[in-house]
Amino acid sequence: MVKFMDLKSQLNSIRDEVIPAINHVIENVEFIKGPAVGEFENRFAAYIGAAACIGVANGTDALEIAIESLELPKGSEILVPANSFIASSEAVTRCGHRVVFCDVDDVTYNISLKDVKKRLTSKTRAIIAVHLYGHPCEMDSLCSFAEANGLFIVEDCAQAHGAYYKGLHVGNFGIVSAFSFYPGKNLGAYGDAGGIVTNNANIANKCRMIANHGRIAKYDHEFEGRNSRLDTLQAAVLNVKLKHLALWIERRRKIADVYRNGLHDIGGLILPSEAPGVSHAYHLFVIRTDFRDELASHLKLKGIETGIHYPTALSKLAAYNYLNQGGEDTFCNKSDRELLSLPMGEHLSDEQVLDVVASVRSFFS
Ligand SMILES: *Cc1c(COP(=O)(O)O)cnc(C)c1O
């Protein structure tokens, strides 16, 4: 049996550290804004190499609060890649703006600058740069385009903890960035959790206030915000796991190497690429084939779990019928039936990784 993800095996490897950390929070009744929260915010900002991290309740809130902090005129158009999780676009609409879906590049699977240029209008105010699957977007060209056109870049780093673009951790390129610590992410809590990262002091301050009822001091509310705080129990878990993250990412990268070496010569199978100058964090190892469903069934029979990210392009979801983008002749609208995610994570043994390689090969032979 090769599991797609295995949080139980990860728990077993850190049990001696993580259970005492959780108990400490409970015994000290530090449930809201306990010391572990500030500790995690500082340590995560340092890990990213950014000035500030604001812990929030989940990754979707992180995106929503990040976008709200920009104070864009209502009804602004915001460009979002059509291959992502719905949170990337949902946050835009929730903030009172209009989603405009862009196609993704057929090699990196990240937002296509060529398509961004086509979708630009006088109402466009921002781009959501989703570092999908853990592969950084092409930030040099995206940032110069944004700057030339007065657009903000908000990075959606929910899948990209441990990903670097030209030596700099993702989360440092846009004006503000959102991370998710959903349990299955590269760095995951034991429940919902998220973080906003920024190098802009005003944005950091604004986000911190929005997430905590528009206040800094106890009953001094400068505006109406909301409640989206990082739970202390989750922060305690994240403090333990952050120490292991670099090694876990290294292991993901090794597994990706083994997959690549073992599968690169199969005709009709497209492997993920890693652009020059970037370090892919391999949240997911997504392959493409015309025989996706047949391959998934074959692997299932061999006891190997797979996933699909994502089975339907956002532009084709019922939620976005009103945008009329589902019928466009785009790579996203066509390729969603070819995508298959192989098992990935530090839970996999060398033997299991080779088993996956052999089983994929046996399907194609
Ligand atoms: C997981 C994810 C989110 C949302 O994070 P939650 O913590 O689940 O709210 C946002 N964007 C992308 C690309 C994601 O994968």
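**Exercise 1: Lys33 in its loop**

Work out where Lys33 lies, then decide whether Lys33 is buried, partly exposed or exposed.

*Solution.* Start with the position: Lys33 lies in the loop between α1 and α2. Those labels are DSSP runs numbered from the N terminus, with helices being H or I over at least four residues and strands E over at least two. Before going on, note that this is a predicted model, in which local features need pLDDT of at least 70 and side-chain atom pairs count only at pLDDT 80 or more, while totals for chains, interfaces and linings use all residues. Residues are numbered from 1 along each chain as its sequence is written, and side-chain values use heavy atoms, with hydrogens and water left out.

Next, the cover. Lys33 has a relative accessible area of 44%, so it counts as partly exposed; buried means under 20%, exposed over 50%, and partly exposed is what falls in between (1.4 Å probe, protein chains only). Last, the backbone: phi of Lys33 is near 55°, which is positive although the residue isn't glycine.

**Exercise 2: Another positive phi, and a cis bond**

Look up phi for His213, place His213 among the helices, and then identify the peptide bond that leads into Tyr310.

*Solution.* For His213, phi comes out near 60°, again a positive value in a residue other than glycine. This residue belongs to the loop between α7 (201–210) and α8 (232–263). Its relative accessibility is 31%, so His213 counts as partly exposed.

Now for omega. From His309 to Tyr310 the peptide bond is cis, with omega near 5°. Tyr310 is part of the loop between α9 (292–301) and α10 (331–335).

**Exercise 3: The seven-stranded sheet**

Trace the strand order of the open sheet of seven strands and pick out its edge strands.

*Solution.* Walk across the sheet and you read β1-β9-β8-β5-β4-β2-β3, with mixed pairing. Two strands pair if DSSP finds at least two bridges between them. The edges are β1 (52–56) and β3 (98–102), each pairing on one side only. From one strand to the next, the twist averages 25°.

Zoom in on two of the pairs. β8 (residues 176–180) and β9 (residues 194–198) are antiparallel over four bridges, and Ala178 has Ile196 in β9 as its bridge partner. β4 and β5, by contrast, run parallel and are joined by five bridges; Val130 stands opposite Asp156 in β5. As for cover, four of the five residues of β5 are buried.

**Exercise 4: Helices on that sheet**

List the strands that helix α2 lies across and those that helix α3 touches.

*Solution.* Take α2 (residues 35–48): it lies across β1, β8 and β9, at about 130° to β1. Angles run from 0 to 180 degrees between N-to-C directions, using lines fitted to C-alpha atoms, for helices over the stretch in contact.

Then α3 (residues 59–68), which packs on the sheet and touches β1, β2 (77–81), β4 (124–130), β5 (152–156), β8 and β9. Contact here means heavy atoms within 4.5 Å. The direction of α3 makes about 170° with that of β8.

**Exercise 5: Glu68 and Lys243**

Find the helix that holds Glu68 and the one that holds Lys243, then name their contacts beyond four places in sequence.

*Solution.* Glu68 sits in α3. At 34% relative accessibility, it counts as partly exposed. Leaving out residues up to four places away in sequence, Glu68 touches Cys95 and Ile210. Ala358 is 290 residues from Glu68 along the chain, and their C-alpha atoms are separated by 48 Å.

Lys243 is in α8. With 55% relative accessibility, it counts as exposed. Under that sequence cut, Lys243 touches Glu17 and Arg43. Tyr47 is 196 residues away from Lys243 in sequence, yet the C-alpha to C-alpha distance is 9.8 Å.

**Exercise 6: The three-stranded sheet**

Give the order of the open sheet of three strands and the bridge partner of Tyr164.

*Solution.* The order is β7-β6-β10, with antiparallel pairing. Its edge strands are β7 (168–169) and β10 (278–279), and each pairs on one side only. β6 (residues 164–165) and β7 are joined by two bridges. Within that pair, Tyr164 has His169 of β7 as its bridge partner.
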